[in-house]
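Please read the structure below with a view to how its chains meet and how charged side chains pair within them.

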2 protein chains.
Amino acid sequence: MNPQSSEYASVRTVYWDAGQLCMIDQRLLPHQFVIARYERYQDVAEAIRAMVVRGAPAIGAAAAFGLALAAQQSQADTPEALRADLDQAAALLAASRPTAVNLFWAIQRMQGLARQPHAEVNALRAALLAEAQALADEDVAINQRMGAHGAALVPDGATIIHHCNTGSLAAVQWGTALGVVRSAFRQGKQLMVLVDETRPRLQGARLTAWELIQEGIPHKIIADGASGHYMRTQKVDLCLVGADRIAANGDTANKIGTYNLAVVAKENGVPFYVVAPTSTIDLTTPNGDAIPIEERAPEEVTHIDGHLIAPHGAVAGNPSFDVTPSRYVTAIITERGLIHPPFEVNIRRLMEQD
Amino acid sequence: MNPQSSEYASVRTVYWDAGQLCMIDQRLLPHQFVIARYERYQDVAEAIRAMVVRGAPAIGAAAAFGLALAAQQSQADTPEALRADLDQAAALLAASRPTAVNLFWAIQRMQGLARQPHAEVNALRAALLAEAQALADEDVAINQRMGAHGAALVPDGATIIHHCNTGSLAAVQWGTALGVVRSAFRQGKQLMVLVDETRPRLQGARLTAWELIQEGIPHKIIADGASGHYMRTQKVDLCLVGADRIAANGDTANKIGTYNLAVVAKENGVPFYVVAPTSTIDLTTPNGDAIPIEERAPEEVTHIDGHLIAPHGAVAGNPSFDVTPSRYVTAIITERGLIHPPFEVNIRRLMEQD
C-alpha cells in the first residue's frame, strides 16, 4: 500500500483481527506504514512503553485489547483463576507509562467486567474481548462527538495552532484535538493548521503532518519555539491540544511544550482549548501537582532517528509531559459538551451527569 | 586535534591568519572541528548566509574581515577606486542576512574608515585590515566586560535557562549571554545551565552544549518546549539570551523561541536578561515591528542533518528570529553596564555617553 493513499484515513490505529491486536507502528511513520500484530499482553505493554502506540485514547484501547489477549493466553479453567491472571497482566500494562490516565481507566473498566459474575471461563474470555471492542468502537463515536462540539468553535478561515499528535493515530480513529480540525474541515471550512513539530519525538512533524496530508488540510510545520511569533505577528484564532490527564480542578497534563503554548496563547488573547474524552478526567487527582510526569530517556533529546545531534558526553533532561494550570484553559471540549470555568465545579457537575 | 580538547576553548571563532580570514565551520560542530579559510569577500558573504559563521558579533567581525579581503582583492590603484570596490563588496556582504544589526554596524565602521582621507591606496588597505583586527579584539574585551557585569547577577548555585548559542562561537571569543555564564563559572560559582536545544538549527544542542563541555560547566539539554515545565516545577534563577538587534525602545530580535521563553519567564517571575554589546542596539529602528525577520528555507525544519523527519510533501514555516517586546526584559546587559526600564529613555542615555 502507498502510505500517501487516502485509504489510510480509514485504517484504525488500534484494532482486533483474527485473534491478534493490530496497531500501526507509529515509530516508523511517516516513512513506513507497518501494522504490528500482537498475541501476548507482555508485548503490548512493551509496545506502549516504546511508543509503537501513543496518545492517551489509543493507549487505553491498546491496554483493553492487551487484557483480552491476557485472557486468551491464560491457562485458567475457572473465572476466579482467570481473574488472578488478569490482575497480573493489568499490573504489567499499568506500569508501561505513568501519565495518561486513559490507560488506568481502560484497565479498570476491563477489570470491572471481569469481577462481574461469570459461570464459565470461556464466557468471561469472550466478554473481555467484546468489552475491549466496545471500548474501541465507543472511542471513535466519542471522538466524533468531540469533533462536532469543537468544530462549532472553529471559524471559517481559521488559523489553528496544534501541538503533538491528537489525530486518528492518537486514538482509535478520528482523534481529539485533531478530530476537531478534521470535523471542521469536513464541514467545508477553510483552515490553516500551524503544526508544532513537538520535540523531542516530533509527533507533530511526523504524525500530525502525515494525517493532515491524508486529509488534504493546509498546514505548516513550525518549530515549537515559533508559536508565539505567529501569534504576535499574524491572526491566530485558536490553539487546540489533547490531554493525557485532566485533574479535578482542570489542570491538564499533556505533551511537553503544551504549558509554554498555553501561557503564550493567553498572553496574546488566543483561545486555548483542551480536547479530551471524559475518560481523561481523573477526579481522584485533585490538581496538576499530583499528576506523575514521566521522565523518558535522554537519548530522545540527544538523538534523532538514531543519529547523535549533540556532542558526545552531553546530558539531557526529558520530561515527557507538562502540566498546564487550568487558568490558561479557555474550555475543555468533551464528548458531552464544553466545560467552561470555574472548572472544579463544572467538571464535577458534568461527570456526575449520567 | 581532538575537538574535546580544552585547547579549543582558546581558539577564536573568527580570526585573521596569513592573509586569510579563518572561521570555525559551525555547521560541522559538534562532530567535526574544521577551520574554513577565505580569500574572497564573496565567499565570506556566502559563509554568513549559509551559517558557517553565525551569532551577531561573529557575523560583524566576519563582515569586517570580509571588507579587508575585498581591499586585498581590489585592483584599484587609488583610494577613490578602492572605495568604489569596497562599496560593492559592502552591498554584497550586507545582503547576506537581514536581522542582525552588528553586520551593518561593522560594515559602516569599515566604510567610515575608508572615507577618511588616505594619500595612498596600500595605506588604506593596511588601515582596513587593522580596523577589522581592532574590531575583533575589541569584541573580546567587550564580551569580557559584559561577562563581569552579568556575572554579578548570577547567584552561586544558580539554575540558568539559556537559548540558542551565544558563546565563543557566536562572537569572536568568550560570548555574550554564554560569556556571562563563563564569567560566573570562572568566579567559582556552582551553576546548572538548562540548554534550550533551539530548533530548527539546534544551536543549543550542537554548539552551546559543546562549549559547556569544553568549560566543564554542568548542563542539561532540553527541548525548547520544556523550559516552562522547569520554571514551574523547580527553582530557575534567571534566563540569559543574546540579541540580533535591539530597537530604540528595547524590543529585542533574537533567535526564534526567545519570545516564548520570555513570556513564560515573566509569567513565572524568572528574571529575563538580554546580553548584547551596544553595537547590537539600533537607534534608527524605533521598535520591534520595524525589525526585518529573516524567513529561512523550510528544509531547516523538515530535515535534520540532511535526513527528512517530516512526510514527503509536508510544508514548513521557518522564521529565523522573533521579537521580544521590551516589557518582558528585566534588563539589558551591555559592556557599559546594565540598562533597566524604562528602556527607551535609558538606552538613549547610555548610547549618548561617550
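What follows goes from the interface to a single loop residue, then to a helix, and finally to the salt bridges.

The model is a predicted one, and every value discussed here was computed from its atoms. A natural place to begin is the interface, where 56 residues of chain A are in contact with 56 residues of chain B. The size of an interface is often given as the accessible area lost when the parts come together. For chain A and chain B that buried area is about 4300 Å², with carbon and sulfur atoms giving 60% of it.

Polar interactions also cross this boundary, since 24 residue pairs, both members at pLDDT 80 or more, are in polar contact between chain A and chain B. On the chain A side, the elements that each supply at least two of the residues touching chain B are α7 (203-215), β6 (219-222), α8 (227-233), α9 (258-267), β13 (307-308) and β14 (321-324). Sorted by class, that side of chain A has 31 nonpolar, 15 polar and 10 charged residues. Between the two chains there are four salt bridges, one of which joins Arg232(A) to Asp289(B), with the closest N and O atoms 4.0 Å apart.

A closer look at one residue shows how a loop takes part in these contacts. Gly225(A) sits in the loop that connects β6 and α8 of chain A, and, leaving aside residues up to four places away in sequence, Gly225(A) touches Ile256(B), Gly257(B), Asn260(B) and Asp322(B). Is Gly225(A) buried or exposed? Its relative accessibility is 9%, and because buried means under 20%, Gly225(A) counts as buried. Within chain A, Gly225(A) and Asp196(A) are 29 residues apart in sequence, while their C-alpha atoms are 8.4 Å apart in space.

Helix α5 of chain A, residues 121-151, allows a check on geometry. At 1.5 Å a residue its 31 residues should span 45 Å, and the C-alpha atoms at its ends are 45 Å apart, so the expected and computed spans agree. At the start of α5(A), a side-chain oxygen of Glu120(A) comes to within 3.2 Å of the backbone nitrogen of Asn122(A).

Turning to charged pairs, the count over all chains is 38 salt bridges. An α-helix has 3.6 residues a turn, so residues three or four places apart point the same way. Two of the pairs can be read in that light. In chain A, Glu80(A) and Arg83(A) both belong to helix α3 (residues 79-94), three residues apart or about one turn, and they form a salt bridge whose closest N and O atoms are 2.8 Å apart. Glu80(A) is exposed at 54% relative accessibility, whereas Arg83(A) is buried at 16%. In chain B, Glu46(B) and Arg49(B) lie in helix α1 (residues 41-49), again three residues apart and about one turn, and their side chains meet in a salt bridge at 2.7 Å, N to O. Here Arg49(B), at 40% relative accessibility, is partly exposed, and Glu46(B), at 39%, is likewise partly exposed.

A further pair in chain B is Glu294(B) with Arg296(B), a salt bridge in which the closest N and O atoms are 2.9 Å apart. Glu294(B) is buried at 9% relative accessibility, and Arg296(B) is buried at 10%. In chain A, salt bridges that share partners link Arg97(A), Arg201(A), Glu294(A), Arg296(A) and Glu300(A) into one network.

Methods. Residues numbered from 1 in each chain as written. Chains lettered and ligands numbered in written order. Predicted model: local features only at pLDDT ≥ 70, side-chain atom pairs only at ≥ 80, totals over all residues. Heavy atoms only, no water. Contact = heavy atoms within 4.5 Å. Buried area = accessible area lost by both parts, 1.4 Å probe. Polar contact = N/O pair within 3.5 Å; in protein donor to acceptor, adjacent residues only side chain to side chain. Helix = DSSP H or I, 4+ residues; strand = E, 2+ residues; numbered from the N terminus. Nonpolar A, V, L, I, M, F, W, Y, C, P; charged D, E, K, R; others polar. Expected span 1.5 Å × (residues − 1). Buried < 20%, exposed > 50% of the residue type's maximum accessible area, 1.4 Å probe, protein only.
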